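Trainee: Got a minute? I'd like to go through this model with you, strand by strand.

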Amino acid sequence: MRVSGVLRLLAFIFVLVTTWIFIRNYLNFSMKTIRLPRWLAGSAREETEVVKTKCDLSKPCPANFFAFKICSGAANVVGPSMCFENQMIMSPVKNNVGRGLNIALVNGTTGTVMQQKTFDMYSGDVQVLVKFLKEIPEGTLVLVASYDDPGTKMNKEIRQLFSNLGSSYANQLGFRDSWVFLGAKDLKNKSPFEQFLKNNPETNKYEGWPELLELEGCVPLKTA
Ligand SMILES: *[C@@H]1O[C@H](CO)[C@@H](O)[C@H](O)[C@H]1NC(C)=O
């Protein structure tokens, strides 16, 4: 009786241990099979991060094109921003924007930033802007973003200089209009990269200012 009792106990322990080992292995195995798709999903997520577009454009630019995104300022509260080939040229974070017209010059062949400057068009000296626009060399891309008021001190000469860069709206730019534009020094036609919103109390998004504008695109690099 005692011997069979011990044997029964041993048999019971044996079954318990083998069951435990079996379950452990089985669980390990199923954990591996669960882990595999998770690992695959993880690497898929990394891949989508790799194809993130320059300047966060909605779709990537083809080879031999520069990616850009220009945002005008929002009312007189948030400053404008300009991204070119994934480089933030001007922005409130960089602390190099201001009220009026924010202008950046980029080499159209290499994509290198040459200059960025703000011109106060409400109370500033507009002759400084006239000189700046006249001295832009051939083959230069010109990026423009308005902030608060780009128009009060606009004159005929400045409108003409912007029109020569390919602008269609510079001739009607006025007090607190929103304007974003990319042109070039030696452009023969009107630039396709421009947006304009008139300050209109009937349609303004903000009290006293129209909505901010966002312009993105791919500009072909200039080949000699
Ligand atoms: C752009 O860069 C090229 C190569 O460095 C240079 O030859 C050309 O003069 C530059 N253009 C402007 C407008 O600065």
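Trainee: Which residue in S9 stands opposite Phe68?
Mentor: That's Gly217. Keep in mind that we're looking at a predicted model.

Trainee: And how many bridges join S1 to S9?
Mentor: Seven, and the two strands run antiparallel.

Trainee: What about S1 and S2, how do they pair?
Mentor: Also in the antiparallel sense, over four bridges. As an example, Ile70 stands opposite Met82 in S2.

Trainee: Is S1 mostly covered or exposed?
Mentor: Mostly covered: of the seven residues in S1, which spans 65–71, six are buried.

Trainee: Okay, switching to cysteines. How many disulfides are there?
Mentor: The structure has two. Cys55 bonds with Cys83, with 2.1 Å between their sulfur atoms. Cys55 sits in the loop between helix H1 and S1 while Cys83 is in strand S2, so this link ties together parts that are 28 residues apart in sequence.

Trainee: Are those two cysteines buried or exposed?
Mentor: Cys55 is buried, at 7% relative accessibility. Cys83 is buried too, at 7%.

Trainee: Which cysteines form the other disulfide?
Mentor: Cys61 and Cys218, with their sulfur atoms 2.1 Å apart. Cys61 is in the loop between H1 and S1, and Cys218 belongs to strand S9, so the pair ties together parts 157 residues apart in sequence. Cys61 is partly exposed at 22% relative accessible area, and Cys218 is partly exposed at 23%.

Trainee: Why is the link of Cys61 and Cys218 called left-handed?
Mentor: Because the torsion about its S-S bond is about -85°. The link of Cys55 and Cys83 is left-handed as well, with -85° about the S-S bond.

Trainee: Why doesn't Cys71 have a bond to Cys83?
Mentor: Because its sulfur is 9.3 Å from the one in Cys83, the closest cysteine sulfur, and that's too far. Cys71 is buried, by the way, with a relative accessible area of 14%.

Trainee: New topic: pockets. How much space lies in the largest pocket?
Mentor: About 260 Å³. It is lined by 15 residues, and the closest to its centre are Leu141, Ala184, Leu187, Val219 and Pro220.

Trainee: Which strand gives the largest share of that lining?
Mentor: S7, with three residues. S7 (178–184) and S9 (214–220) each supply at least two.

Trainee: And how do the lining residues divide into nonpolar, polar and charged?
Mentor: Nine are nonpolar, four are polar and two are charged.

Technical notes: Residues are numbered from 1 along each chain as its sequence is written. This is a predicted model: local features need pLDDT of at least 70, side-chain atom pairs count only at pLDDT 80 or more; totals for chains, interfaces and linings use all residues. Side-chain values use heavy atoms; hydrogens and water are left out. On a 1 Å grid over the protein atoms alone, a cavity is a set of points where a 1.4 Å probe fits but cannot get out, and a pocket is an open set with protein on both sides within 12 Å along at least five of seven lines; lining residues have an atom within 4 Å of a point. Grid points are joined across faces, edges and corners, and a volume is the space filled by probe spheres set on the points. Ala, Val, Leu, Ile, Met, Phe, Trp, Tyr, Cys and Pro count as nonpolar, Asp, Glu, Lys and Arg as charged, and the others, Gly among them, as polar. Buried means under 20% relative accessible area, exposed over 50%, partly exposed in between (1.4 Å probe, protein chains only). Two strands pair if DSSP finds at least two bridges between them. A disulfide is a pair of cysteine sulfur atoms within 2.5 Å.
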